[in-house]
Amino acid sequence: MNRQEQIEERAGSEEAERLHPDGPSAAIHMNGHANGHAESHETTRMLNGDSHVVVDVDGNANGNGLATVGAEISAKQHSKGSRRGGGDGEGGEEGGDGCEGGEGGGGGGRGMGGMYHRKSRVMDKSHTMSGYCKKNITDTITVKFKDVRYKVQVSKPGSWDPRHSCLPTLPPLPAFLTPKRGEIAGGGGAGGGGAGGAAEGEAGGKGGAEVREKEILHGISGSVAPGEVLAMMGPSGGGKTTFLNVLGGRFKQANMAGTLTYNDLPYSKALKRKLGFVTQDDIFFPHLTVRETLMYAAVLRLPKELNWAEKVQRADEAITELGLDKCRNTVIGGPFLRGISGGERKRVSIGHEILINPSMLLLDEPTSGLDSTTALRIIQVIQNLAKSGRTVITTIHQPSSRLFHAFDKLLLLSEGNAIFFGQAAAAMGYFGGLGFEPLFATNPADFLLDLATGTTADVSLPAVFGESEEWKGKSVPEQQHDVKEFVARAHMEQQQLLVHAELAGLPASSDADQKSVLQRRGWTAPWLLQFSVLWTRGLKERRHEALSPLRFYQVIALGLICGMLWFGSERNTAMEIQDQVGLLFFISIFWGFFPLFAAIFTFPQERAILAKERASDMYRLSAYYLSRTLSDLPMEWLLPTIFLLIAYFMASLKLTAAAFFGLLFSTYLIVTTAQGCGLFLGAAVMDVKVATTLASVLLLTFMLAGGYYLQSIPPFISWIKYISFTYYAYRLIIKTQFSPSDTFQCGPPSDPAALICPISAAPSFRGFSVADAWVDVLALLAQVVFYRVLGYFALRRMKTNV
């Protein structure tokens with residue numbers, strides 16, 4: 001049988017599966033050793049009623065007379081079973097049913113002409129998931145994507161696209177790969193010029209000129225049905241994560257071209273709470289335990305019809321089902337905090353998403369950085385989730401052979417181009433039909449990744465390459481480029497035709513399925529519950545930083561230093577008053593700088609978590625913002641209290657209760673205002689270095705215009721002091737220690753008859769009155785509100801997609 005017939009047979013089997021979507025399908029690959037027969041390869045297709053069986057037989061002459069049969073059964077809403085080989089020409093098979101797991105037995109055939117039948121029996125397995133996995137998804141989602149493209153703004157030439165480029169030195173495709181119809185569906189012809197191609201809408205000979213738009217994805221097509229696991233493979237930079245984010249609605253829809261539907265409807269915000277998205281980086285608060293992380297997620301994300309106890313129970317069930325019982329009370333950990341292992345952290349990420357029982361689950365390289373055993377356990381969890389009717393799409397970098405055979409469908413990407421889409425088990429046969437075959441037994445994933453990168457060191461090549469002396473004389477990078485373009489063009493001109501035909505033949509989604517996609521549920525928790533949960537979570541997470549011993553040592557040491565420098569200070573003369581005013585000025589400046597620079601780090605550090613949780617509509621931004629800003633206040637107010645308890649009495653400031661508590665209240669107000677300014681700068685810039693630089697310039701300007709260094713400011717710049725919170729803070733602190741009725745000795749200290757002057761005559765108080773403190777209080781309160789409102793709207797501008 002020649003290669004053209006092989007491809008036609010495979011296409012026929014896929015067409016038969018499309019024509020019989022409700023019938024079970026079985027693919028049996030038999031490696032037999034038949035006595036006295038030469039090496040042969042034959043594909044037989046049998047259609048019987050509502051089921052079809054494809055038998056692929058390889059014979060090798062060695063006289064053993066043994067045949068090992070591996071069977072693979074897939075049916076809608078059923079699992080793909082594990083495979084067991086039989087002997088003596090008989091085939092055994094195992095299959096799973098639903099989430100319970102199972103073992104299908106039977107199925108035998110003798111020789112090539114044997115009859116194949118199957119029977120199944122369901123056996124409970126203790127290791128299967130008992131809660132979420134058994135719960136079948138009612139709102140299923142079928143994803144269809146056709147000629148999906150995605151572009152970004154860059155200043156460099158785009159990557160190659162086989163639709164927009166040509167290779168004069170590359171021999172034409174073999175006859176059996178030549179399309180049998182005119183223009184390729186979705187191809188659009190060969191536009192552009194030069195190696196860089198052209199951006200979408202700018203086709204036509206720009207050659208090597210710089211372009212402003214670069215396509216990251218080039219016309220990707222396919223579909224994923226409920227109960228299926230689609231794996232996206234490819235080298236780093238191949239477009240896997242980009243396409244996953246496009247499917248999850250995390251990128252701008254305006255930058256996408258092509259058709260992408262969910263139950264035949266375009267993406268809408270209503271899908272947010274039906275999708276679970278497990279990012280490549282496990283983003284959690286490091287000081288929260290596993291149970292606290294999942295418990296807070298359950299309370300915020302599960303439906304409001306469940307009470308608190310039921311939500312907590314669901315979180316505990318998820319912990320048990322994911323095998324996290326041993327570490328339920330262990331902190332998640334981070335780069336500088338030891339916590340749970342990488343595999344456990346990944347399972348927490350999955351548990352965080354499956355709490356809401358999503359109809360569609362997207363995972364970005366869930367096995368990266370894990371050993372093979374832990375990676376297999378993660379994939380088994382993913383398979384169990386798919387068995388209940390979920391649509392599962394995952395990117396995976398370099399899986400082992402065991403992991404590779406666990407996937408239903410495979411999408412192989414190379415520099416944004418699809419070079420294979422279809423059943424994972426058919427990938428090796430497809431590339432074998434093109435002429436690419438491994439020279440020795442190898443992991444299929446390694447072989448496919450080699451082709452995606454153009455590496456052909458251990459691969460037999462098609463005749464168009466192997467017989468071309470011109471191609472052999474090229475450099476290795478040029479050869480790799482030719483191989484990548486060859487397989488991309490082959491997919492576009494041959495396999496993509498079948499994919500488009502399959503998409504056209506898929507049944508339309510029912511009205512009920514479409515309604516489930518359009519129906520947007522309300523918030524799962526009321527605003528007050530969101531606020532209280534986020535408040536509690538914030539206190540537990542930030543207490544370790546806000547109440548760290550280092551900060552206490554810093555404040556206590558500074559309080560002691562100030563107390564010793566101003567120890568026993570008096571206020572009888574102008575010079576002594578100036579000394580106390582210097583201490584009060586330092587208090588207003590220090591407690592303006594200290595909390596402001598601490599607050600700048602707040603939102604940039606939590607940006608990843610906030611973007612992740614906002615993307616899934618976990619809570620209202622207003623609830624998060626208010627809880628985040630208010631939960632820090634008790635801890636921020638504790639430190640100035642300790643400072644004043646030390647420095648105030650050592651420096652012998654005004655020893656009355658009204659003066660002490662007035663200064664304490666003023667310090668609280670300064671801290672709150674400065675914190676709001678820091679939150680605004682951090683939220684507006686989202687870059688710690690830039691925000692710190694802006695804050696330094698701003699605070700130094702406010703300090704110089706605050707009334708201590710300058711009493712008379714030029715009119716054209718005097719407006720600065722009225723927007724400076726240090727100006728009002730300094731005036732308010734002075735007014736808590738001095739009143740209009742106070743006096744001082746304004747004559748020589750040695751003269752017993754020296755004049756007694758009102759406090760307003762002191763040089764330190766020229767330019768303002770020590771009366772009417774309420775004006776400064778109102779000004780600071782207005783700035784507290786002003787900065788926090790600005791910070792909220794700045795945070796709203798933060799994008800959860802790009």
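**View 1. The buried residues of helix 19 in a predicted model**. The buried residues of helix 19 (buried being under 20% relative accessible area with a 1.4 Å probe, protein chains only) are L621, A623, Y624, Y625, S627, R628, T629 and S631. Because 8 of the 11 residues of this helix, residues 621–631, are buried, helix 19 is largely enclosed by the rest of the structure. Its cover includes helix 14 (527–546), helix 17 (602–605), helix 18 (607–615), helix 20 (633–650), helix 21 and helix 24 (773–796), where helices are DSSP runs of H or I of at least four residues, and strands runs of E of at least two, numbered from the N terminus.

This is a predicted model, in which local features need pLDDT of at least 70 and side-chain atom pairs count only at pLDDT 80 or more, while totals for chains, interfaces and linings use all residues. Residues are numbered from 1 along each chain as its sequence is written, and side-chain values use heavy atoms, with hydrogens and water left out.

**View 2. The largest nonpolar core, around F431**. This core, a set of buried Ala, Val, Leu, Ile, Met, Phe, Trp, Tyr and Cys residues joined through side-chain atoms within 4.5 Å, has 90 residues, and M233, L410, F431, F436, L448 and L795 have the most contacts inside it. Beyond four places in sequence, F431 is in contact (heavy atoms within 4.5 Å) with L412, I419, F420, F436, F447, L448, L451 and V487. Another core, of 40 residues, lies apart and includes I587, A659, I670 and V671.

**View 3. Confidence in helix 21 and strand 6**. Mean pLDDT, the predictor's confidence in each residue from 0 to 100, is highest in helix 21 (residues 657–685), at 93, and lowest in strand 6 (residues 119–121), at 31.

Terms used
Buried < 20%, exposed > 50% of the residue type's maximum accessible area, 1.4 Å probe, protein only.
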